[in-house]
Amino acid sequence: MGSSEALTFPRALLAQARKNGAFPAVREKDLGIWQTWTWSEVADQVRDLACGLAAVGLKRGANIGIIGENRPRLYWAIAAAQSLGSVPIPLYQDSLAADLSFVLDDAEIRFVIAEDQEQVDKILEIRSSNRQIHTVIIDDVRGMHHYSDPGLVSLDAIQRLGRDYHSRHPEFFQQEVDKGSEDEIAVILYTSGTTGKPKGVCLTHGAIIEAARRGIEIEGLTRHEQILSYLPMARMGDYIFSYAQALLAGYTVHCPESSDTVPIDLAEVSPTYYFAPPRIFENTRTSLLIRMEDAAWPKRRMFEYFMRIAATHGADLLDGKPVSLAARLLYALGNVLVYGPLKNSLGMSRVRVAYTAGAAIGLELFRFYRSIGIRLKQLYGSTETCVFVCLQSNDDVRYETVGPPIPGIDLIIAEDGEIRVKSKTMFKEYYKRPEATASTFDQNGYLRTGDAGIIEPDGHVKIIDRIVDVGRLARGGLFAPNYLENKLKFFPFIKEAVTVGNGRERVCAMINIDLEAVSNWVEKRGIQYAGYTDLASRQQVYDLIQECIEKVNKELADSTQLTDSQISRFLILHKELDPDDDELTRTRKVRRSFVLEKYAVLIDAMYAGRSTQHIKTEVKFEDGRRGSIKAEVAIRDAKTYHAPPGDTVENGRVAA
């Protein structure tokens, strides 16, 4: 296939404009009103922007940074850059200037498209010491009339320039699009930097399109799908669902008014295709249960009654399993009175395909959504694999697995238990990191995912933990920290957890409480508090968290491999783990080694048997100022349980 015939994203856009030109491609809510652009209009906008960027010097092969919330013109900027053979690099909109500086420098970015004044201020701060940034293009110029920097230009001005350029060079845009190849880099997405500096993942048009097509074919996606674009544009999930699959299937992408209005906008859009990490599903459910606790007694009793019906029969009905006529009638009544209105208020009344990925999801949470008729499924993949590796089918959904590998994925389990994959959808390289690229593949060309897992006899894949994190207790028992932490985070009162135990006699845990859920719980009991630190120190809150931990311990006692991993001691951290304090990545993953080092004094106190430990912690504020939090952190013992009689665990293996 010649380069002029190879499919790229700009060609996909032009194909949609020809085929479905009058159909809505993008909608954005602005000042409470939804604005709509058709596929033909989007193609014209992209052409004007591409020609304007070419006019100000953007060259083929150059990298261009894009930062902001989910905005139509930022997505069009991605397509415009790709049309010229330039490489878009979406950046995390909540990153501090210092974090952005590394990526902008590493990727040698000269052009940046920024959403608004907030983002421009960060770029200008960086540019004071990084002179390679040449031009900053602004989508929303409100509040910036007094800015006089010669490197600033509005996106409107670029498009006007592009329209003039196109009128003088009418063949230019199509010629540039025709030069594109499926082997060219379509986008560079930087990793979150959990274990070190972020790496730029280089993904080709061909790899992403292959992955997007597989998802479209499996789910039967059409131009009639509706999605809400709310994940950070720098994440692979957003690129696949809000950009790649939209361009190929031709469905409509909705951009919310702001990150704060996402729940309201979700209810208005009522998408048919929806993706969210488990934490968002958990937060949604927690908020719902909090609201129901405040509801009038009759409404609360009706909700509780029909949710018991749903918990008993809902998932079976969704899976097409036999259910008695009486149960069907009760469920139908519950759908009219509770489930239907509930889904409508959550914006999920029309969801046909719903995915969750990125972390394990709890059985109770998974069953909750499926019991009310939402076809929630688990997906497994990574940025390096263009998302799609494993996916549950509609007729075989289980909470403890991520489904079998999708067609075209060659998946094996290495001798050390690591999941490794080979596919056409793998990334090309890490930007300017040949050693890191080489080490990511084994001698047979399989990608090392870094995840430990097993393949069930029926082909389903079960994820255990990150391979680097899996360890052993001093007595030989298996220690899988992410597995333990996910089980703890299944409780709505626990937002984050960090467990310690590798090479030690027992497991200890540091807990971050969920401020909204716990504050609602204590307020109903008449307990007064003054902020997070005070709330986290309350005895009643410790009792609540201890109850959650001991429930997890009871479950672990029944596991032949993990019974030794029961949590024997715990504490509640005096502050929330925060990306601004480098404790979490921008995707809200715990930087484990950093956190273990930062809170070593607390960890040592837990293993020394102390009941309290004083700590002073430095924090960074959003405006760059630094401060500190002092606290006397309480430490508690948790009850552990004996393994079932008849089984013992020796070096992680079961011995009868």
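# Strands and helices, with reasons

Visitor: What makes β13 and strand β14 (residues 376-380) a pair?

Guide: In this predicted model, three bridges join β13 to β14, and the two strands run in the parallel sense. Pairing requires at least two bridges, so β13 and β14 count as paired. Within the pair, Lys377 in β14 is the residue opposite Tyr355. Between these strands the chain passes through helix α14 (residues 363-371), in a β-α-β crossover that is right-handed.

Visitor: Why is that crossover called right-handed?

Guide: The term is used because, with the strands pointing away from the viewer, the path from the first strand over the helix to the second runs clockwise. Here the path goes from β13 over α14 to β14.

Visitor: How do you know that β12 and β13 pair?

Guide: The bridges are the evidence again. Strand β12 (residues 273-275) has three bridges to β13, in the parallel sense. With a cut-off of at least two, β12 and β13 therefore qualify. Val353 in β13 stands opposite Tyr273.

Visitor: What makes both faces of strand β13 covered?

Guide: Val353 and Tyr355 lie on one side of β13 (residues 353-356), Ala354 and Thr356 on the other, and all of these are buried. Buried means under 20% relative accessible area.

Visitor: Which residues of α14 are buried, and what covers them?

Guide: The buried ones are Leu365, Phe366, Phe368, Tyr369, Arg370 and Ser371. Their cover includes α11, α12 (297-318), α13 (325-346) and β14. Just after α14 comes Gly373, with a positive phi of about 100°.

Visitor: Are α11 and α14 roughly parallel or roughly perpendicular, and why?

Guide: The axes of helix α11 (residues 278-293) and α14 are 11 Å apart, and the packing angle is about 70°. Angles from 65 to 115 degrees count as roughly perpendicular, and α11 and α14 are therefore described that way. On the α11 side the contact uses Pro278, Phe281, Glu282, Thr284, Arg285 and Leu288, while α14 supplies Glu364, Leu365, Phe368 and Tyr369. Six of these contact residues are nonpolar, one is polar and three are charged.

Visitor: What term describes α1 and α9, and why?

Guide: Helix α1 (residues 9-20) and helix α9 (residues 236-249) cross at roughly 50°, and their axes come within 7 Å. Angles under 35 degrees count as roughly parallel and those from 65 to 115 as roughly perpendicular. The crossing of α1 and α9 fits neither range, so these helices are oblique to each other. Phe9, Ala12, Leu13 and Gln16 of α1 make the contact with α9 residues that include Tyr239, Tyr243, Leu247 and Leu248. By class the contact has nine nonpolar residues, one polar and no charged ones.

Visitor: Why are β16 and β20 said to stand at the edges?

Guide: The open sheet has four strands in the order β16-β17-β19-β20, paired antiparallel. Both β16 (410-413) and β20 (461-466) have a single partner strand, so each has one side without a neighbour in the sheet. From one strand to the next, the twist averages 45°. Inside this order, strand β17 (residues 418-422) is joined to strand β19 (residues 447-455) by three antiparallel bridges, and Glu418 has Ala452 in β19 as its bridge partner.

Visitor: How do you know that strand β25 is largely enclosed?

Guide: Strand β25 (residues 567-572) has six residues, and six of the six are buried, so the rest of the structure largely encloses this strand. Strand β24 (residues 507-513) runs parallel to β25 and is joined to it by five bridges; Met510 has Leu571 in β25 as its bridge partner. Strand β27 (residues 626-637) pairs with β25 in the antiparallel sense over three bridges, and Arg636 in β27 stands opposite Phe570.

Visitor: Is Val387 buried or exposed, and why?

Guide: Val387 has a relative accessible area of 9%. The limit for buried is under 20%, so Val387 is buried. Val387 sits in the loop between β14 and β15 (390-391), and its phi is near 80°, a positive value in a residue other than glycine.

Visitor: What makes Asp582 partly exposed?

Guide: The relative accessible area of Asp582 is 27%. Buried means under 20% and exposed over 50%, so Asp582 falls in between and is partly exposed. Asp582 belongs to the loop between β25 and α20 (592-598); though not a glycine, Asp582 has a positive phi of about 65°.

Technical notes: Residues are numbered from 1 along each chain as its sequence is written. This is a predicted model: local features need pLDDT of at least 70, side-chain atom pairs count only at pLDDT 80 or more; totals for chains, interfaces and linings use all residues. Side-chain values use heavy atoms; hydrogens and water are left out. Buried means under 20% relative accessible area, exposed over 50%, partly exposed in between (1.4 Å probe, protein chains only). Axes are lines fitted to C-alpha atoms, for helices over the stretch in contact, and angles run from 0 to 180 degrees between N-to-C directions. Angles under 35 degrees count as roughly parallel, over 145 as roughly antiparallel, 65 to 115 as roughly perpendicular and the rest as oblique. Contact means heavy atoms within 4.5 Å. Ala, Val, Leu, Ile, Met, Phe, Trp, Tyr, Cys and Pro count as nonpolar, Asp, Glu, Lys and Arg as charged, and the others, Gly among them, as polar.
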